[in-house]
Amino acid sequence: ENELPGKVVWVTGASSGIGEELAYQLAKTGALLAISARREDELERVKKKCLEISNLVEKDILVLRLDLTDRRSHEAATNSVLKHFGKIDVLVNNGGRSQRSLFVDTNLDVFSAIMELNYLGTISLTKYVLNHMIQRKKGKIVTVSSVMGIMGAPLASGYCASKHALQGFFNSLRTELTDYPEISIINICPGPVQSKIIQNVFTEDLAKVRSTGDKMPTDRCVRLTLVSTVNDLKEAWISDQPYLAVCYLWQYAPTWAWWLMNKMGKRRIQNFKSGVDADASYSRKNK
């Protein structure tokens, strides 16, 4: 509430899930918003609600249609935000898509699409925004990664690969920016949350969609994301149990983590093949 009023925050994937909730909570703090996604009509809906729940006025929220896979459009999109607001204080790389499929059953085109969207699209947009932040010598780049960027899990090999790639990229980028101490690189690693990234997952085939269940409340995840952002945390793990415990095991006792993941993974695959939420046996119950 003290750090964000008047700051220009650009949120990708803002038409649903974590990105949508980020827009609402940022609007309430008084941040100026650029919200992007492929569905402009949904962005207009989000903007309308932001105006209803905050003291922002029409010009304080820019709706900017953006396809992360269309990398040729990213420079122009960045320039549009700069033309409207004159600066970008925070970029939130939230756009992306998850996966639920076994590797042996999955077309390789799916893996290419995941990397193009989650990884290459994200770092492409970052490149243009970072050039502006380097000129100003300040800014924050917040990337919504995943606990899957820390560990491995069955049914999400392509998604895990894309998030591991983001972790490696941004951890490396951070070390390249030591001459710019006021530019922060922040990785947010949520566990399963109530987000449409789970409902619109990649499956075995690009044309197929599978729905799964909800997990951590989105507003809680977003609140902790914003706390992490204003405090310049390099990395934040935001998750319910048992995922958080597995993260610590993966970090400090990997042999035990592999053993536990084999147990949990077997149940995930059984659930998946039965047509229910892959995490149903150990996720929180919806109230």
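## Exposure and the chain as a whole

A residue is called exposed when its relative accessible area is over 50%, buried when this area is under 20%, and partly exposed in between. Glu1, with a relative accessible area of 58%, is therefore exposed. The model described here is a predicted one.

The protein chain has 287 residues, and 53% of them count as buried. Its secondary structure consists of 9 helices and 7 strands. About 13,600 Å² of the chain is exposed, and carbon and sulfur atoms supply 50% of that area. Among contacts between residues at least 6 apart in sequence, 70% join residues at least 24 apart.

## Strands β6 and β7

Strand β6 covers residues 183-190 and runs parallel to β7, with 4 bridges joining the two. One of the residues involved is Pro190, whose bridge partner in β7 is Ile238.

In a regular strand, side chains alternate between the two faces of the sheet. Strand β7 shows this alternation. Ala236 and Ile238 point to one face and are buried, whereas Glu235 and Trp237 point to the other face and are not buried. Ile238 thus appears twice in this section: as the bridge partner of Pro190 and as a buried residue of β7.

## Helix α8

Helix α8 spans residues 243-252, and its buried residues include Tyr243, Leu244, Val246 and Cys247. These residues lie on the same side of α8, because they cover an arc of only 160 degrees around the axis. The cover over the buried residues of α8 includes strand β7 (235-238) and helix α9 (254-274).

## Salt bridges between distant parts

The salt bridges in the model number 10. In one of them, Glu1 pairs with Arg223, and the closest N and O atoms are 3.0 Å apart. Glu1 belongs to the segment before β1 (8-12), while Arg223 sits in helix α7 (residues 218-230); the two are 222 residues apart, so the pair links distant parts of the chain. Arg223 has a relative accessibility of 39% and so counts as partly exposed, whereas Glu1 is exposed.

Another salt bridge joins Lys140 to Asp232, with 2.2 Å between the closest N and O atoms. Because Lys140 lies in strand β5 (residues 139-144) and Asp232 in the loop between α7 and β7, this pair ties together parts that are 92 residues apart in sequence. Is Lys140 buried or exposed? At 18% relative accessibility, Lys140 counts as buried. Its partner Asp232, at 35%, counts as partly exposed.

## A salt bridge within helix α2

Glu42 and Arg45 form a salt bridge in which the closest N and O atoms are 2.8 Å apart. Both residues lie in helix α2 (residues 40-53), and they are 3 residues apart, about one turn of the helix. Arg45 is partly exposed, since its relative accessible area is 35%. The pair also belongs to a network of salt bridges that links Glu20, Glu42 and Arg45.

## A nonpolar patch on the surface

Which residues make the nonpolar surface patch of about 360 Å²? The patch is made by Phe103, Val104 and Leu108. Val104 is located in the loop between β4 (90-93) and α4 (108-136). With a relative accessible area of 72%, Val104 is exposed. A residue must have over 30% relative accessible area to be part of a patch, so Val104, at 72%, meets that condition.

Key: Residues numbered from 1 in each chain as written. Predicted model: local features only at pLDDT ≥ 70, side-chain atom pairs only at ≥ 80, totals over all residues. Heavy atoms only, no water. Patch = residues over 30% accessible without salt bridge, like charges linked within 9 Å, V, L, I, M, F, W, Y side chains within 5 Å. Areas by Shrake-Rupley, 256 points an atom, 1.4 Å probe, with all protein chains shown as cover. Salt bridge = Lys/Arg side-chain N within 4 Å of Asp/Glu carboxyl O. Buried < 20%, exposed > 50% of the residue type's maximum accessible area, 1.4 Å probe, protein only. Arc of directions from axis to C-beta. Contact = heavy atoms within 4.5 Å. Pairing = 2+ DSSP bridges.
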